[in-house]
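I opened this one to see what I could look up before going back to the bench. My notes follow in the order I took them.

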Amino acid sequence: MAEHSENPVESVKEKISEELHGHDSSSSSSSDSDSDTKKTDSPSSVKAKIFRLFGRDRPVHHVLGGGKPADVFLWRNKKVSAGVLGGATAIWVLFELIEYHLLTLVCHISILALAVLFLWSNAHTFINKKPPHIPKVHLPEEPFLQIVSALTIEINRGLVVLRSIASGRDLKKFLIVIAGLWVLSIVGSWCNFLTLFYIVFVLLHTVPVIYDKYEDKIDPIAEKATIEFKKQYAVFDAKVLSKIPKGPLKAKKV
């Protein structure tokens with residue numbers, strides 16, 4: 001009888017202890033889940049607050065198009081990148097500093113190649129009693145067609161952009177393009193096309209790789225510059241652009 005009387009008390013104690021343990025485990029699991037959600041939310045919120053230059057959300061390698069050209073610009077293969085930059089430097093020195101002309105260079109290379117082949121052919125025929133085998137040179141059409149088609153697409157895209165700007169729909173874009181062309185005309189008066197092309201080529205081989213290495217330091221500076229530019233543009237818009245009379249089409253739209 002004593003044993004039967006003690007069993008209900010023990011069972012009540014066991015139930016109370018189980019409920020306490022269950023409550024602790026649920027509270028701990030809820031706190032763990034809350035901490036997990038905070039951990040998962042905090043990186044995303046931090047990533048959302050990070051400013052990237054030009055509003056990009058992809059790595060620099062993907063922005064440059066990916067593939068071998070991006071590898072060359074970012075110096076993933078240092079030998080290839082150094083060779084390309086060295087070749088461009090040699091061409092610039094040859095035509096700009098030494099003042100060699102393209103037609104003269106092509107003629108001199110052709111004369112040298114034909115003279116070497118002519119002498120080698122006669123010497124080979126004299127020694128071996130048979131003419132040498134000179135391989136045929138044939139250029140495939142597909143790479144040239146692909147280059148022409150890509151250039152055509154880009155030119156048509158540029159013409160569409162120029163048409164949309166000239167239509168007067170976006171005054172901000174119009175002013176940016178005018179300012180860019182004006183700066184480009186000033187730079188063009190300082191140097192010729194070959195030097196300008198070489199400067200752009202060198203910048204493509206230096207600026208992306210520097211930005212890829214130090215983007216965490218460059219992006220905050222670019223963010224401050226962008227905010228300051230927006231402030232100055234807002235002042236210019238309020239003082240100048242807003243006072244320009246609008247045409248009849250814009251008045252009707254408004």
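**Annotated membrane spans**

I started with the UniProt record, an unreviewed entry, which lists residues 105–123 and 174–204 under "transmembrane region". What I have to compare it with is a predicted model.

I checked how much of each span is helix. Residues 105–123 come out as 100% helix and 0% strand, with the end C-alpha atoms 27 Å apart. For residues 174–204 I get 94% helix and 0% strand, and the end C-alpha atoms lie 26 Å apart.

**Overall make-up**

Next I went through the whole chain. It has ten helices and zero strands, so I noted the order from the N terminus as α-α-α-α-α-α-α-α-α-α. Of the 254 residues, 11% are buried. The accessible surface comes to about 21100 Å², and 68% of it belongs to carbon and sulfur atoms. I also looked at contacts with a separation of 6 or more: residues 24 or more positions apart account for 53% of them.

**Helix H5 and the residues around it**

I looked up H5, which covers residues 102–128. This helix has 27 residues and reaches 38 Å from first C-alpha to last, close to the 39 Å expected at 1.5 Å a residue. After H5 comes Lys129, with a positive phi near 65 degrees.

On the other side, I found Glu99 in the loop between H4 and H5. Glu99 isn't a glycine, yet its phi is positive, about 60 degrees. I flagged that because most residues other than glycine have a negative phi. Is Glu99 buried or exposed? Its relative accessibility is 58%, so it counts as exposed.

**Trp75**

Trp75 went on the list as well: it is not a glycine either, and it has a positive phi of about 60 degrees. I placed Trp75 in the loop between helix H3 (67–73) and helix H4 (78–97). Its relative accessibility is 25%, so I put Trp75 down as partly exposed.

**Helix H9**

Then I moved on to H9, residues 215–239. The helix has 25 residues and spans 35 Å from its first C-alpha to its last, close to the 36 Å expected at 1.5 Å a residue. Which residues of H9 are buried? I noted Glu215, Asp219 and Ala222. The cover over the buried residues of H9 includes helix H2 (60–63) and helix H8 (193–213).

**A nonpolar patch**

I wanted to know what makes up the nonpolar surface patch of about 540 Å². The residues are Leu171, Phe174, Leu175, Ile178, Phe236, Val240 and Ile244. Helix H7 (residues 171–190) gives the most to the patch, with four residues. Phe236 belongs to helix H9. I checked why Phe236 can be part of the patch: its relative accessible area is 39%, so it is partly exposed, and patch residues need over 30%.

**Leu203 and Phe73**

Last lookup: Leu203, which lies in helix H8. At 44% relative accessibility, Leu203 counts as partly exposed. How many residues separate Leu203 and Phe73 in sequence? I get 130, while in space the two are 9.5 Å apart, C-alpha to C-alpha.

Note on methods. Residues numbered from 1 in each chain as written. Predicted model: local features only at pLDDT ≥ 70, side-chain atom pairs only at ≥ 80, totals over all residues. Heavy atoms only, no water. Helix = DSSP H or I, 4+ residues; strand = E, 2+ residues; numbered from the N terminus. Expected span 1.5 Å × (residues − 1). UniProt positions renumbered as here; feature names shortened; annotations may be inferred. Buried < 20%, exposed > 50% of the residue type's maximum accessible area, 1.4 Å probe, protein only. Contact = heavy atoms within 4.5 Å. Patch = residues over 30% accessible without salt bridge, like charges linked within 9 Å, V, L, I, M, F, W, Y side chains within 5 Å. Areas by Shrake-Rupley, 256 points an atom, 1.4 Å probe, with all protein chains shown as cover. Salt bridge = Lys/Arg side-chain N within 4 Å of Asp/Glu carboxyl O.
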